[in-house]
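Work through the exercises below with the sequence and the model at hand. Try each task before reading its solution.

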Amino acid sequence: SGKYPWDVDTRVKSAKKCIFFNEIATVKDEFVKVTCSLKNKSIYLDYHAFTPVKRRVKEKAKFEEDENAVSVLTLGIDAVSRLNFHRQMPQTLNFLIKNLSAVEMLGYNKVGDNTFPNLVPVLTGLSVKELKKSCWKKTTSVFDACRFVWDDFSAAGYKTAFGEDASWMGIFSYLKKGFRKQPTDYYMNIFNNVSENDVGFEKRLNAKLCVGPRKTIQVLLNYVYKFANTMKNSLFFGFFWGSSLTHDYLNLPKYGDEEHQQLLESLYNEGVFNRTVLVVMSDHGIRWGEIRGTFQGYLEERLPFLFIAYPNWFRIKYTTAVANLKKNTQKLTSPYDLHETLLDLTDVAQLNKEILRERSMRLENAETLPRGISLFLPISENRTCSSAGINDHWCTCHQTRNIPTNSSQVRRAADRLVKHINSLLQQFPQCAELRLYKIRSAREESSSFKTPGAIRDFTVTIETTPGRALFEATVRYNVNTNGFLIVGTVSRINLYGDQSRCVTQYRLRLYCYCIH
């Protein structure tokens, strides 16, 4: 029927019997709850996650004879721009550059508003719209019918893992149903859900910062360490996403700098990176708060960080691929490119010099360029946002100039924006009709590859009542028709708290002010 219970992805069963121990216990299970009692009263409760080698996963070793194949570990840090990563996490940055010779992609541009539309392209190569058409036809359905990049690695004989912290607002679970069947060999989200619900605390905004005696992010990173270490003599693909520390506040990432650096150092010392390509990335910069009211914040929201590190032998063996990757650091790139890059790593034969030359020629001679291009291939300096799958509203390849907020063009653009938001809310009588309270700022955007003359793009930031919401949008003026049109998504750049509690659709939560 496509209807699934709301907790389809979070149901758990506990073991029927409890194993008693005094000091030491041998654990053979993945997830363990530990309690301690004194005089029949519980005085201690904690949760632990492990990554034991599973029988059915043992059988996956068919590609292990290929000494050129590499494991892939992706470590995501939510809502951190490239520049904020430099500001907040200097130890991790230093380790990536100095010890792992990581390559930093300076032109990595987001393609959607929040986490979901920026990670769906990385994990599937599709936009959310395409995902809905192909395998996720109802938002009340699960994602089991979709093919993710971990399925490609699994088909190539890899052991796979997917895990997040703050999983209640996870990539596939925030206002969504998640998975009916476990999507990867190792899946941490169930554990995360139970432990955070039971012993999580210090919730300042959306995420609980602590679980029991540890930071929530530490629990995730400990799991990453265990997984990568258990699998270091096998081929593995791990995709891990940390939101608890960084999702809500611009200046909290610094409290996870040491933990991320220590994780990388431990894996380095254990030899994990001798055969692993490491991807460290974010989905976008911070989307609200004071910085978001500035032009700097506008740019940073659109430019998350992306680092790729590889073993030394990989650089020597795949010289052309690595040379292309380094040349692409200053090119315009997107999550669609990262997906193609990951696919290349499922079969490294794709990176052999002759095959790469052939692929590069095909790219050069193509009439229309593909939307996603592997970062191991040469990317053109003349690439445009539209050819890379980046909507104009998110594109950072613009020259901008401030224009007075009292100009008649800006006023018309602002009125058109309010009308547009109200049209989105039309079906929802529980939401108030919004009115323009103030035009906060206006800029005209221009780029070298836009149709000159007939089209003018304005970025306007407005405040509406009731609720004092701040909205930002790209409004396109057509000189020939004298009409205005909203381009792409309307961004909400301040927090909405529980103003929109009466609607469950994510997009509408950004806009709705509940009347009751």
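The exercises that follow concern a predicted model.

**Exercise 1. Find the disulfides and give their pairing pattern.**

Step 1. A search of the whole structure for disulfides gives 4.
Step 2. A disulfide is a covalent bond between the sulfur atoms of two cysteines.
Step 3. When the bonded cysteines are counted along the chain, the pattern reads 1-2, 3-4, 5-7, 6-8.

**Exercise 2. Describe the disulfide of cysteine 135 and cysteine 146: sulfur distance, handedness and place in the chain.**

Step 1. The sulfur atoms of cysteine 135 and cysteine 146 are 2.1 Å apart.
Step 2. The angle about their S-S bond is 100 degrees, and the link is right-handed.
Step 3. Cysteine 135 and cysteine 146 both lie in the loop between helix H5 (128–134) and helix H6 (149–155), so the pair ties together parts that are 11 residues apart in sequence.
Step 4. Both cysteine 135 and cysteine 146 are buried.

**Exercise 3. Do the same for cysteine 431 and cysteine 512.**

Step 1. These two cysteines are joined by a disulfide, with an S to S distance of 2.1 Å.
Step 2. The link of cysteine 431 and cysteine 512 has -105 degrees about the S-S bond and is left-handed.
Step 3. The pair links distant parts of the chain, 81 residues apart. Cysteine 431 is in the loop between helix H15 (408–424) and strand S14 (435–446), while cysteine 512 is in the segment after helix H16 (506–509).
Step 4. Cysteine 431 and cysteine 512 are both buried.

**Exercise 4. Cysteine 502 and cysteine 514 form a disulfide. Are cysteine 502 and cysteine 514 buried or partly exposed?**

Step 1. The sulfur atoms of cysteine 502 and cysteine 514 are 2.0 Å apart.
Step 2. The torsion about this S-S bond is about -95 degrees, so the disulfide is left-handed.
Step 3. Cysteine 502 is placed in the loop between strand S17 (483–492) and H16, and cysteine 514 in the segment after H16. They are 12 residues apart.
Step 4. A residue counts as buried under 20% relative accessible area and as exposed over 50%, with partly exposed in between.
Step 5. Cysteine 502 has 30% and is therefore partly exposed, whereas cysteine 514 has 5% and is buried.

**Exercise 5. Why does the sulfur of cysteine 18 form no bond with the closest cysteine sulfur?**

Step 1. The closest cysteine sulfur belongs to cysteine 36.
Step 2. The distance is 11 Å, which is too far for a bond.
Step 3. Cysteine 18 has a relative accessible area of 54% and is exposed.

**Exercise 6. Which residues of helix H12 are buried, and what covers them?**

Step 1. H12 spans residues 319–327, and its buried residues are Ala321, Val322, Asn324 and Leu325.
Step 2. These residues lie on the same side of H12, because they cover an arc of only 160 degrees around the axis.
Step 3. An α-helix has 3.6 residues a turn, so residues three or four places apart point the same way.
Step 4. The cover of the buried residues of H12 includes strand S4 (103–104), strand S12 (306–309), helix H11 (312–317) and helix H14 (353–365).

**Exercise 7. Characterise threonine 464 and the peptide bond from threonine 465 to proline 466.**

Step 1. Threonine 464 belongs to strand S15 (residues 455–465).
Step 2. With a relative accessible area of 1%, threonine 464 is buried.
Step 3. Once neighbours within four places in sequence are left aside, the contacts of threonine 464 are Val418, Leu434, Arg435, Tyr437, Ala469 and Phe471.
Step 4. The peptide bond from threonine 465 to proline 466 is cis, with omega near -5 degrees.
Step 5. Proline 466 is in the loop between S15 and strand S16 (469–478).

**Exercise 8. Serine 101 and alanine 166 have positive phi. Where is each found, and is it buried or partly exposed?**

Step 1. Serine 101, a residue other than glycine, has phi near 45 degrees. Serine 101 lies in the loop between helix H3 (90–99) and S4, and at 46% relative accessibility counts as partly exposed.
Step 2. Alanine 166 is not a glycine either, and its phi is about 45 degrees. Alanine 166 lies in the loop between strand S5 (159–164) and strand S6 (186–187), and is buried with a relative accessible area of 1%.

Technical notes. Residues numbered from 1 in each chain as written. Predicted model: local features only at pLDDT ≥ 70, side-chain atom pairs only at ≥ 80, totals over all residues. Heavy atoms only, no water. Buried < 20%, exposed > 50% of the residue type's maximum accessible area, 1.4 Å probe, protein only. Helix = DSSP H or I, 4+ residues; strand = E, 2+ residues; numbered from the N terminus. Arc of directions from axis to C-beta. Contact = heavy atoms within 4.5 Å. Disulfide = S-S within 2.5 Å.
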